[in-house]
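Me: I've got a model open and I'd like to learn how to read its backbone and its packing. Can you walk me through it?

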Amino acid sequence: MKVLGFESSCGETGVALVETGADGPPRLLAEALHSQVAMHAEYGGVVPEIASRRHLEAISPVIERAVADAKLSLPEVEGIAVTRGPGLVGSLLVGLSTAKALACALDIPLAGVNHIEGHIMASFLSDKKPQFPFIALVVSGGHTNVYLVNNYHQFQQLGQTRDDAAGEALDKAAKLLGLGYPGGVIIDKLSKNGNPHAFDFPRAMKDSPDFSFSGLKTSLSVMLKKRGRPFTEDELPDVVASYQEAIVDVLVQKTIRAANANTVRQLVVCGGVAANGRLRKRFARVAEEEGMELFIPPMVLCTDNAAMIAVLGEIILKNRGGDALDLNAVSRWPLVNRPS
């Protein structure tokens with residue numbers, strides 16, 4: 001089955017074509033992406049109105065590029081998958097409206113996909129694939145959640161953030177320090193030259209399965225106010241490395257704890273923050289020490305992309321059929337069990 005996937009939940013306009021055989025693994029035929037990072041950098045974050053307008057301008061050329069790269073024509077597509085939520089409603093509606101129009105015009109089924117579930121399924125596009133059940137940490141600018149994944153569409157949430165997501169905490173720190181946007185990427189790069197133990201930042205809710213990063217951001221803000229002056233160029237690598245380490249510590253420890261508590265030996269780490277070099281390194285080391293198998297998608301599949309949406313859409317279409325064309329976008333869509 002050839003599935004055309006759309007992703008437009010935030011600031012990336014993504015289109016991908018995935019093909020699966022009767023029993024074979026999904027194969028990525030082509031992917032095209034238009035990123036708005038440079039456009040939003042001057043504002044220090046994504047501006048919803050600008051994002052939705054840019055999706056409108058970009059989506060047709062991105063579709064054309066993906067279909068051309070796959071050496072296919074639109075009539076050869078057999079199903080369509082699109083991110084329905086969670087995300088920015090204005091941005092979601094651009095992808096959803098386009099997907100519904102194509103599904104109607106081509107008379108093929110449409111699947112509305114949960115963005116968070118899509119991140120988890122991105123791990124199935126790698127050569128090495130996880131086996132159910134596994135523990136999944138979804139960590140990004142908008143989400144920090146731990147799930148026990150028993151099967152496709154069968155999830156048990158084990159932990160979630162009570163305030164800021166991990167990626168949001170990194171972006172806010174970068175803004176406080178005047179480093180620019182996207183903050184997580186800048187901090188990851190700058191921290192490579194720093195000492196992660198130079199400053200003692202708090203690790204909140206140590207005994208809880210849930211996460212909290214707002215206090216970490218506040219501690220950095222208080223530190224800056226007490227100093228009364230910015231950190232020097234020589235000091236910054238140590239500051240950001242220590243701040244990042246506080247986030248990584250909590251993410252690794254709580255994910256490993258969840259795996260041990262549920263007697264699961266496979267871990268999936270996904271979402272935009274899964275591209276962070278320090279997080280990948282720490283998870284690799286600890287997973288080996290614990291005798292666990294670690295699955296992290298390639299860097300390009302950690303951030304928002306349409307390939308993960310197409311893969312999940314193919315599973316949905318095969319297992320439960322398509323959605324009605326009156327499907328609407330949702331800004332919040334908790335990941336819960338549903339019939340497969």
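Me: Let's start with one residue: in which loop does histidine 153 lie?

Reply: Keep in mind that this is a predicted model. Histidine 153 sits in the loop between β7 (144-151) and β8 (154-160).

Me: What should I look for in its backbone angles?

Reply: Start from the general rule: most residues other than glycine have a negative phi, and most peptide bonds are trans. Histidine 153 is not a glycine, yet it has a positive phi of about 70°. Lysine 71 also has a positive phi, about 55°, without being a glycine; you'll find lysine 71 in the loop between α2 (48-69) and β4.

Me: Is histidine 153 buried or exposed, and how about lysine 71, buried or exposed?

Reply: The cut-offs are under 20% relative accessible area for buried and over 50% for exposed. Histidine 153 has 0% relative accessibility, so it counts as buried. Lysine 71 is at 73%, so it counts as exposed.

Me: And peptide bonds: which one leading into proline 86 or proline 133 is cis?

Reply: Both are. The bond from glycine 85 to proline 86 is cis, with omega near -10°, and proline 86 is in the loop between β4 (79-85) and α3 (89-106). The bond from phenylalanine 132 to proline 133 is cis as well, with omega near -5°; that proline is in the loop between α4 (115-121) and β6 (134-139).

Me: On to helices. How do I check the length of α8?

Reply: Allow 1.5 Å a residue: the 26 residues of α8 (residues 236-261) should span 38 Å, and the end C-alpha atoms are 38 Å apart, so the two agree. Just after α8, threonine 263 takes a positive phi of about 50°.

Me: How many residues of α8 are buried, and how many of α11?

Reply: An α-helix has 3.6 residues a turn, so residues three or four places apart point the same way. In α8, 21 of the 26 residues are buried. In α11, 12 of 15 are buried, so that helix is largely enclosed by the rest of the structure. The buried ones in α11 include Ala306, Met308 and Leu317.

Me: Zooming out, what radius of gyration would a compact globule with 340 residues have?

Reply: Near 20 Å, and the protein has 20 Å, which agrees. The C-alpha atoms fill a box of roughly 65 × 45 × 30 Å along the principal axes. Of the 340 residues, 53% count as buried.

Technical notes
Residues numbered from 1 in each chain as written. Predicted model: local features only at pLDDT ≥ 70, side-chain atom pairs only at ≥ 80, totals over all residues. Heavy atoms only, no water. Helix = DSSP H or I, 4+ residues; strand = E, 2+ residues; numbered from the N terminus. Expected span 1.5 Å × (residues − 1). Buried < 20%, exposed > 50% of the residue type's maximum accessible area, 1.4 Å probe, protein only. Rg over C-alpha atoms; globule rule 2.2 N^0.38 Å.
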